[in-house]
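I opened my notebook today to get to know a new structure. Come and look over my shoulder while I write down what I find.

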Amino acid sequence: MFKLIHLDLSGNKLNGIILSSLGKIHRLYYLSLSKNQLSGKVHDQWMGENIGSLDLSENNLSDVFPASLCSLPNLFELKLSNNNFFGKLPFSLKNCKKLFFLDLGENKFSGSIPKLIGESLLSLRELRMRANQFEGNITKKLYHLQELHVLDFAQNNLSGPVPACFNNLNGMKSINHFGYPQLESFDMDLVQKGRELTYNHFMIQFVIMIDLSSNNLSGDISEEITNLLALVAFNVSNNHLTGKIPKKIGDMRYLETLDLSSNNFSGQIPPGMSSLTFLTHLNLSYNNLSGPISLGNQFPTFNESIYEGNPGLCGSPLLTKCEAGTDEEDGDHRDHNGDDKEDKYEKLGLFVSITLGFIIGFWSVCGSLVIKTTWRDAYFGFFKKVRDWIIVLIEVNLNRVQRTIARD
């Protein structure tokens, strides 16, 4: 028993408290007690210095955050989701410095999201805290988490703006395949494309997402958020956000899920949004958007329900037709005219560069031959030798053929 390295008791009908003896298995590296009926507090007698992965999710555990878990020096994965933990996150959480996976979702944690997460847990890659009772502003310190690529704060009571500093999250700017220190790791449940999906330890590496839905966030979304070029899913639905949809949102070309529904966004749908060719789940319903709907790429395939609750929108697939001469259409025409002018300038530049290249190349050769007598003699002499060699080669082969025919 004391030589155990891997212990998985998940998915049984274990009940009662967690035995303190499990924390005394010194060589234990992986411990999963998830999907049982365990209850009570988490004991504070964790002496296994090698424990790296601990999963206590989907039980009936209660009490405040078990601060003793952060005394484990090599803990890099902690999953406590779907329990009855409550209270504020303790200051001792800063000692979990090696954590790269933290799932506290579906509990009753409260208070603000502590700054220490962004100050001390600098190795975090996946952070899931959805469906709790967190409140207050989202701490700006999170931008220090340079490897973070999954951020899920949905279904809390968070307020204030979406931090503009999120544009500094480098883990969401490029597609990285994060290596994991062990072959087996924990699954994570994430809402993607309108439904909850379970990602295993391999697939989670390719998910790059921000989910801030169902909170009390307000203000506009900074244009700088579009610097997160590798973002696959962005969900801020069911908040109180205002302003316009960022114009450069079309730069986020890897987006597959974009949900801005049930807010107070206004203005037009940015024309560049039609360049999001990977987009398969879009929801813009129940805002104050106006103007024509873009018809580019896959937009005609979207159901009209994603636009409902925006009485100012017009055009297919809605029944409301766009009126000629509206400001929105004029704006569209101006955009298209601007694009046409840019295309003309690009073509003109191409023709000019080709012409100049030909002239420079032609006179670089011919001009040298005109000016330099020795070069001219060598150049034409070379071609004369080639001509003579070809003539001789032809005559030799003709004579050979004639002799062969004469013998026959």
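These are my entries, going from the whole chain to single residues.

**Entry 1: the whole chain**

I began by checking what kind of model this is, and it is a predicted one. I looked up the confidence next: the mean pLDDT of the chain is 84, and 79% of its residues reach 70 or more. I marked residues 327-336 with a pencil, since the pLDDT is below 50 there. Beyond near neighbours in sequence, that stretch still has 13 contacts in the model.

Then I counted elements and found 3 helices and 25 strands in the chain. Of the 408 residues, 43% are buried. I also looked at the exposed surface, which comes to about 21,300 Å², with carbon and sulfur atoms supplying 56% of it. For contacts with a separation of 6 or more, I noted that 51% join residues 24 or more positions apart.

**Entry 2: the open sheet**

In which order do the strands of the open sheet stand? I wrote down E2-E4-E6-E8-E10-E12-E14-E18-E20, which makes 9 strands with parallel pairing. At the edges I found strand E2 (15-16) and strand E20 (240-241). Each has a single partner strand, so one side of each is left without a neighbour in the sheet. I added a reminder from class: strands of a sheet pair through backbone hydrogen bonds, either parallel or antiparallel.

I followed some of the pairs by hand:

- Strand E10 (residues 108-111) and strand E12 (residues 133-137) run parallel, joined by 2 bridges. Here I saw Ser110 opposite Gln133 in E12.
- Strand E14 (residues 157-160) is joined to strand E18 (residues 216-219) by 2 bridges, again in parallel. Ser159 stands opposite Asn216 in E18.
- E18 also pairs with E20 in the parallel sense, over 2 bridges. Gly219 has Leu241 in E20 as its bridge partner.

**Entry 3: an antiparallel hairpin**

Next I wanted a pair running the other way, and I picked E15 and strand E16 (residues 195-199), which pair in the antiparallel sense over 5 bridges. Val191 stands opposite Glu196 in E16. The hairpin has 2 residues between the strands, and Lys193 takes a positive phi near 55°.

Which residues of strand E15 (residues 188-192) lie on the covered face, and which on the uncovered one? I listed Met188, Leu190 and Gln192 as covered, with Asp189 and Val191 as uncovered. My textbook rule goes with this entry: in a regular strand the side chains alternate between the two faces of the sheet.

**Entry 4: the nonpolar cores**

I looked for the largest nonpolar core and found one of 82 residues. Those with the most contacts inside it are Ile117, Phe153, Phe166, Phe234, Met273 and Tyr307. Apart from this core lies another, of 13 residues, among them Phe101, Val150, Phe186 and Ala233.

I zoomed in on Ile117 and left out residues up to four places away in sequence. Ile117 then touches Leu89, Leu93, Leu124, Leu127, Met129, Leu142 and Leu145.

**Entry 5: a serine in a loop**

My last stop was Ser68, in the loop between strand E6 (60-63) and strand E7 (77-79). Is Ser68 buried or exposed? Its relative accessible area is 16%, and the cut-off for buried is under 20%, so Ser68 counts as buried. Leaving aside neighbours within four places in sequence, I found Ser68 in contact with His43, Asp44 and Trp46.

Conventions
Residues are numbered from 1 along each chain as its sequence is written. This is a predicted model: local features need pLDDT of at least 70, side-chain atom pairs count only at pLDDT 80 or more; totals for chains, interfaces and linings use all residues. Side-chain values use heavy atoms; hydrogens and water are left out. A nonpolar core is a set of buried Ala, Val, Leu, Ile, Met, Phe, Trp, Tyr and Cys residues joined through side-chain atoms within 4.5 Å. Buried means under 20% relative accessible area, exposed over 50%, partly exposed in between (1.4 Å probe, protein chains only). Contact means heavy atoms within 4.5 Å. Two strands pair if DSSP finds at least two bridges between them. Helices (H or I, at least four residues) and strands (E, at least two) are DSSP runs, numbered from the N terminus. Accessible areas come from the Shrake-Rupley method with a 1.4 Å probe; for residues, only the protein chains shown count as cover. pLDDT is the predictor's confidence in each residue, from 0 to 100.
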